[in-house]
Amino acid sequence: MSEFASALQTAFAMVVAFDPGLMEIVGLSLQVNFIAVGAAILVGFPLGASITIFRFPGRKVLSIFLNALMGMPPVVVGLIVYLLLSRAGPFGVLGLLFTPTAMIIAQFLLILPIIAALTRQTMEDLWTEYREQLRSLDATLPQTLTTLLWEGRFSLSTTVLAGFGRASGEVGAVMIVGGNIDHLTRVMTTAIALEVSKGDLSLALGLGIILITLSVCVSGAAALMNEFARRRHQAPMGL
């Protein structure tokens, strides 16, 4: 018990003092997560909205497929990316395996189905509400997409936070394609797994404190966004 208390005390001291080794791992984690989430937004928002607006063969199958991919095991995604980027794979010549770029690709593939599927659900409700109005105004496709995305911005913010939360807690896929290399591809989740196996509880607890704090902040922001969106939607009804 005294050993755990000592490790916890050291962990808090490392966090408060912004320990360089700790901050390096946290910085890389946030960099990988932000880039992966940003790329998933650029692809997922238009994809989810397009599935809602357009009627084409296989639309329902695509929606079901996206929903199914939301639960895809991360290690499977990591394995697929590994096979694609390995020397024997089609993209092996790029030399991306065991680099932060490979980790971003894996994170992107994990987050994209979440962003696209949740965007489709949000756009479905908004399209039902605004479809006739937009058609009566003869709105173009870009105008329609812009209007729906703007009206759903608070719900979509929650979608983004959900994707970021998934990325922050991911360990399997990034471990496979990143290799957990010190000063190169070591992020918070993989570092925690390594340090626990080594018995270095101080660094693992320090990273755990930051990871939990980040998770709480993301969850709190998502709850606030949902509450704000609900009140905004109900406000005209109370007038």
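Let's start with H2 and H7, which cross in a right-handed sense. This is a predicted model, by the way, so please hear every value as computed from it. H2 covers residues 20-53 and H7 covers residues 153-168. Their axes lie 10 Å apart and the packing angle is about 140 degrees, which makes H2 oblique to H7. And which residues of H2 and H7 meet? From H2 we have Leu30, Asn33, Phe34, Val37, Ile41 and Phe45, and on the H7 side Leu156, Val160, Gly163, Phe164, Ala167 and Ser168. Sorted by class, this contact has nine nonpolar residues, three polar ones and no charged ones.

Now stay with H7 and look at its other partner here, H5, which spans residues 100-136. The H5 and H7 axes come within 9 Å and cross at roughly 160 degrees. The cut-off for roughly antiparallel is over 145 degrees, so H5 and H7 count as roughly antiparallel to each other. The crossing is right-handed. H5 brings Gln107, Leu110, Ile111, Ile114, Ile115, Leu118, Thr119, Thr122 and Met123 to the contact, while H7 brings Ser155, Leu156, Thr159, Val160, Ala162, Gly163, Arg166 and Ala167. Split by class, that is ten nonpolar, six polar and one charged. If you have the structure open, try finding Leu156, Val160, Gly163 and Ala167: they appear in the contact with H2 and also in the contact with H5.

H5 has a further neighbour, H3, residues 59-69. What is the angle between the axes of H3 and H5? They cross at roughly 130 degrees and come within 8 Å, which makes H3 oblique to H5. This crossing is left-handed. On H3 the contact uses Arg59, Ser63, Leu66, Asn67 and Leu69, and on H5 it uses Pro113, Ala116, Ala117, Arg120, Gln121 and Glu124. The classes here are five nonpolar, three polar and three charged.

On to the rings, for those of you who like side chains. The structure holds two aromatic pairs. There is also a charge over a ring: the charged end of arginine 153 sits over tryptophan 150, 3.9 Å from the ring centre. Arginine 153 takes us back to H7, as residue 153 begins that helix.

Finally, let's zoom out. How many helices and strands does the protein chain have? Ten helices and zero strands, so to speak an α run from the N terminus on. The C-alpha trace spans about 70 × 55 × 25 Å along its principal axes. Thanks, everyone, and I'm happy to take questions.

Note on methods. Residues numbered from 1 in each chain as written. Predicted model: local features only at pLDDT ≥ 70, side-chain atom pairs only at ≥ 80, totals over all residues. Heavy atoms only, no water. Axes fitted to C-alpha atoms, helices over the stretch in contact; angles between N-to-C directions. Helix = DSSP H or I, 4+ residues; strand = E, 2+ residues; numbered from the N terminus. Parallel < 35°, antiparallel > 145°, perpendicular 65-115°, else oblique. Left-handed = near helix turned anticlockwise from the far one by under 90°. Contact = heavy atoms within 4.5 Å. Nonpolar A, V, L, I, M, F, W, Y, C, P; charged D, E, K, R; others polar. Phe/Tyr/Trp six-rings, centres within 6.5 Å; stacked < 30°, edge-to-face > 60°. Lys NZ or Arg CZ within 6 Å of the ring centre and 35° of its normal.
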